[in-house]
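I open this entry to record what I looked up, element by element. Each note begins with what I wanted to know.

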Amino acid sequence: MTAVLEAQNLTKNFPVRGRFALRRSTVHAVQDVSIGLAAGTVTAVVGESGSGKSTLARMLAQLIRPTGGDVLLNGNPVSRANRAYRREVQLVLQDPFSSLNPVHTIRYHLARPLRIHGFPADTAAISELLDRVALSPAERFIDKYPHELSGGQRQRVAIARALAVRPEVLIADEPVSMLDVSIRLGILNLLADLRDNDGLAILYVTHDIASARYLADTIVVMYAGQLVESGPAPQVTDSPAHPYTQLLLRAAPDPERTEPVTELAGRGAPPSLIRPPSGCRFHPRCPSAMDICRTTTPEPLPIDDAHTASCWLYQ
Amino acid sequence: MSDLLLDVRGLCVDYGYGEDAVHAVTDVDLTLHEGEVLGLAGESGSGKSTLAYAVTRLLRSPGVITGGSATFHSAGGPIDLFAADAKQLRVLRWSEIAVVFQSAMHALNPVYSIGRQLTDVIAAHRPNLDRKTRRERAAHLLHMVGIPEERLGSYPHELSGGMRQRVMIGMALALEPRLVIMDEPTTALDVVTQREIVAELIRLRDRLGFAVLFITHDLSLLIELADSIAVMYAGRLVERAPANDLFHAPRHPYTVGLLNSFPPMHGEWRKLTGIPGSPPDLRQPPSGCSFHPRCPQAFAPCPTDEPTLRTIEDRAVSCWLEGAQT
C-alpha cells in the first residue's frame, strides 16, 4: 500500500510573545509526526483540543509551512503550495457557516475552482458535482445562496467545491462537529462513498473517537503534539495499547456501558506546549510511567500488524 | 418514586407575536422528582433551552410564555412559577433553583476573582453570614468540585475551561438548591474533562440529593448519566422514558433515528444512516406530526393530524404508531 500523501517527521513550532514583550517563546504544536494517506482509505486523526491535529492537517494542506520534516505527494517532496498541489490535495473546513461566501450563489462557489483549474464550468459540470454530494435535483440548489441551505447541505456544498478539481486527497478538519447530530451520519457516509467509489485518500480530523471508529480504516491518536498510537480502526478502539488511548476510550460516552465510570486512570489536562514535558509528553499523567518515559521520547513500537504505540511499555 | 419537585403542564413558548410568532415550545408536559436526573435531549432549535429559560423565568423578549403552568414544590409549599413576582423569584432563584450555562467562559465575570464571585452569591442571599464564614463557605464549595482553595484568588482567565465549568457548578450549589438546571454544561469541553465533570456531578448529587435537569444534544452521554430522558423535536416532547428503556427499546421513530446517529464503540461494523433531511424551520413547521417529512414509518394520519403525548406507565410517546389516541 503506497501513500498518496505522506508526512515525514513533521514538526511545527509557533513563535509567541511571552508575558514581557521582549521575551519570545515557542509553542511546540506538532513534534515529529509521520503518517501516510493511501488511495481509497480514510485515516482518522483523533485528539483533544490542543493535540496538534488541526495543525497537522493544515501542514498537509500546505496552508502553513512546517518547521521541520517533509510532505511528500506521490513520493515527491513538496516545498510550497502551487496550483498543481491544490489540484491534488483539497481541504474541507469545520464550519460550513463561515467557509462559504454569503454573497455568492452555490453556482459561483462551484464554478470558481472549475474555471481556475481549467475545467469547463458549465451548468452540467456543476450539476454533476451537486449530484455527487447528493444535493439533487441540482437545479433546486444551484442558484441558492448559502443562507438558504441547512448546515448539512452547506457542508455538502463545501465538499462538492473540494471535489471540483478532482483531487486525489481530501483533508476534512472536523467536518461534522458543527452539524446537528441527526445529519452527521449523512456526511460521514458521503465521505465513505467518496473513498469507496472514487478512491480518494481522506484524512478525517476529529475529537470523536466513535465516529473515527465508524468511518476510518486507520486511526492515528495524537496527544500534545505527538503521535501516540496508530493502527487499523477496530484494533485501536477495541484493544487500545497506549495509556492515553485507553483513557480517551474510557472517557468517551458509551450507552452500552453498564458500570459507571468512577476512576479515570490518567485524569487531568494536557500540558502547556510552550514548555512541554520531556520525553513522552503524557508521562506526568500516565499511570504506568517509568523512569525512561521522563527522559526519552518513545519511537512507534509494534503491537501487531500495522498497529503501533509510541510507549515504552511495548519495548 | 420520591416527591414531585417540578411540574410543567402544557407549556407553550413563542418568539414574537401574532401571525409571525415562532412556536419554539408547544404543549410540553414535564415532571421532575426530588433527586432525579432528567435528561432533555434534542437538536438545535428543538426548544430544549427555551424550555429551561421559560421555567426559570429567564426568557428574554421576544420570547413569551403563551400557555401552560409550571409548579415548583419548594420547602415552603408549591409555587406557581409563572405567577411569581420578582420578589418571590429572587428568593427562589439560586437558593432553590440554580442554573449552569453552557459557556462558563462568558458566565464568569473576568474582572473579579472567583473567590469574590462565590462570596457575592452568598452575601446576596445569606446576608446574616459574616465575612469569614462566607470565605470558608466559598473555599468549601471549591473543594467540593475538586479545586484547591488557593484558587479563590484566581481570575477566570487563569483557569482552564474545565476548571471554569467546575467553578460554575460550585457556584450553582452555593446555596444548596434542590434543582440544578444545566444547559449543555460540557459541550465545549474535551471528552476527558467532560467525563470528570459528569462523575463529579453524580457524586455531588448522591451526597446532596439535588435534582438535575441536564440539557444536551448528546444522547449517548445522557443514557449513561440520566435516570430518565425526555426527547424534544421541533418544540414538542416526542418521547419520555427511563434512560435504559429509551436506549434498549425506543418507541418514537425520531428517538430511533437519533440513537442510530451515534456510532457504537463496540461490536461489528454496521452501516448507520442517521436521519434523512434536516430539522424543520420553525417559521414554517410541517403540518401534522412535525417529524413526518423525515420519518421512515410515516403513514396516513401523520401529515395531517398531530399526535398527542400518550402515557403508558413510566413512558410517554407522541406518535401515531402507538395506535389510536384519545
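**Entry 1. Backbone details**

In which loop of chain A is A:Pro137 found? I located A:Pro137 in the loop between α4 (123–132) and α5 of chain A. I note at the outset that the model is predicted.

I then read the peptide bond that joins A:Ser136 and A:Pro137: this bond is cis, with an omega of about 0°. The loop between α4 and α5 of chain A also holds A:Ala134. A:Ala134 is not a glycine, yet I find its phi positive, at about 60°.

In chain B I looked up the bond from B:Ser61 to B:Pro62, which is cis with omega near 5°. I place B:Pro62 in the loop between α1 (48–55) and β4 (63–74) of chain B.

**Entry 2. Confidence**

I checked the scores of chain B next. The average pLDDT of chain B is 91, and 98% of its residues score at least 70. Which elements of chain B have the lowest and the highest mean pLDDT? Helix α3 (residues 104–107) of chain B has the lowest, 74, and strand β9 (residues 228–233) of chain B has the highest, 97. For the complex I copied an ipTM of 0.88 and a pTM of 0.91, both given by the predictor.

**Entry 3. The 4-strand sheet of chain A**

I traced an open sheet of 4 strands in chain A and wrote its order as β2-β1-β4-β5, with antiparallel pairing. The edge strands are β2 (24–38) and β5 (76–77) of chain A, each of which pairs on one side only.

I followed one pair in detail. Strand β1 (residues 3–17) and strand β4 (residues 68–73) of chain A are paired in the antiparallel sense over 5 bridges. Which residue of β4(A) is the bridge partner of A:Ala7? I find A:Val71 in that position.

Helix α1 (residues 53–60) of chain A lies across β1, β2 and β4 of chain A, and I recorded its direction as about 120° to β1(A).

**Entry 4. The 8-strand sheet of chain A**

I next traced an open sheet of 8 strands in chain A, in the order β6-β7-β8-β3-β9-β10-β12-β11, with mixed pairing. Why is one side of β6 (89–92) and of β11 (301–304) of chain A left without a neighbour in the sheet? Each of these strands stands at an edge and has a single partner strand, so one side of each has no neighbour in the sheet. I noted an average twist of 20° from one strand to the next.

Strand β10 (residues 226–232) and strand β12 (residues 307–309) of chain A run antiparallel and are joined by 2 bridges. In β12(A), I identified A:Thr308 as the bridge partner of A:Ser230.

I then looked at the helices on this sheet. α1(A) lies across β3 (42–46), β7 (169–173), β8 (201–206) and β9 (218–223) of chain A, and runs at about 150° to β8(A). Helix α5 (residues 151–163) of chain A packs on the sheet and touches β6 and β7 of chain A. The direction of α5(A) makes about 170° with that of β6(A).

**Entry 5. Helix pairs**

Two packed helices are described by the angle between their axes and the distance between the axes. I looked up one pair in each chain.

For helix α3 (residues 106–116) of chain A and α5(A), I recorded axes that come within 8 Å and cross at roughly 20°. α3(A) is therefore roughly parallel to α5(A), as the limit for that class is under 35 degrees. Their crossing is right-handed. From α3(A), A:Ile106, A:His109, A:Leu110 and A:Pro113 meet A:Val157, A:Ala160 and A:Arg161 of α5(A). I sorted the residues of this contact into 5 nonpolar, 1 polar and 1 charged.

In chain B, helix α4 (residues 114–125) and helix α5 (residues 131–144) pack at about 120°, with axes 9 Å apart. I therefore describe α4(B) as oblique to α5(B). α4(B) passes α5(B) in a right-handed crossing. On α4(B) the contact includes B:Leu118 and B:Ile122, and on α5(B) it includes B:Ala138 and B:Leu141. By class I have 5 nonpolar, 2 polar and 3 charged residues in the contact of α4(B) with α5(B).

**Entry 6. The contact of the two chains**

How many residues of chain B are in contact with chain A? I have 32 residues of chain B in contact with 31 residues of chain A. On the chain B side, α7 (191–208), α8 (219–225) and α10 (253–259) each supply at least two residues. The largest share, 6 residues, comes from α7(B). The side of chain B that touches chain A has 14 nonpolar, 12 polar and 6 charged residues.

Notes. Residues are numbered from 1 along each chain as its sequence is written. Chains are lettered from A and ligands numbered from 1 in the order in which they are written. This is a predicted model: local features need pLDDT of at least 70, side-chain atom pairs count only at pLDDT 80 or more; totals for chains, interfaces and linings use all residues. Two residues are in contact if their C-beta atoms, placed from the backbone, lie within 7 Å. Ala, Val, Leu, Ile, Met, Phe, Trp, Tyr, Cys and Pro count as nonpolar, Asp, Glu, Lys and Arg as charged, and the others, Gly among them, as polar. pLDDT is the predictor's confidence in each residue, from 0 to 100. Axes are lines fitted to C-alpha atoms, for helices over the stretch in contact, and angles run from 0 to 180 degrees between N-to-C directions. Angles under 35 degrees count as roughly parallel, over 145 as roughly antiparallel, 65 to 115 as roughly perpendicular and the rest as oblique. A crossing is left-handed if the near helix is turned anticlockwise from the far one by less than a right angle, and right-handed if clockwise. Two strands pair if DSSP finds at least two bridges between them.
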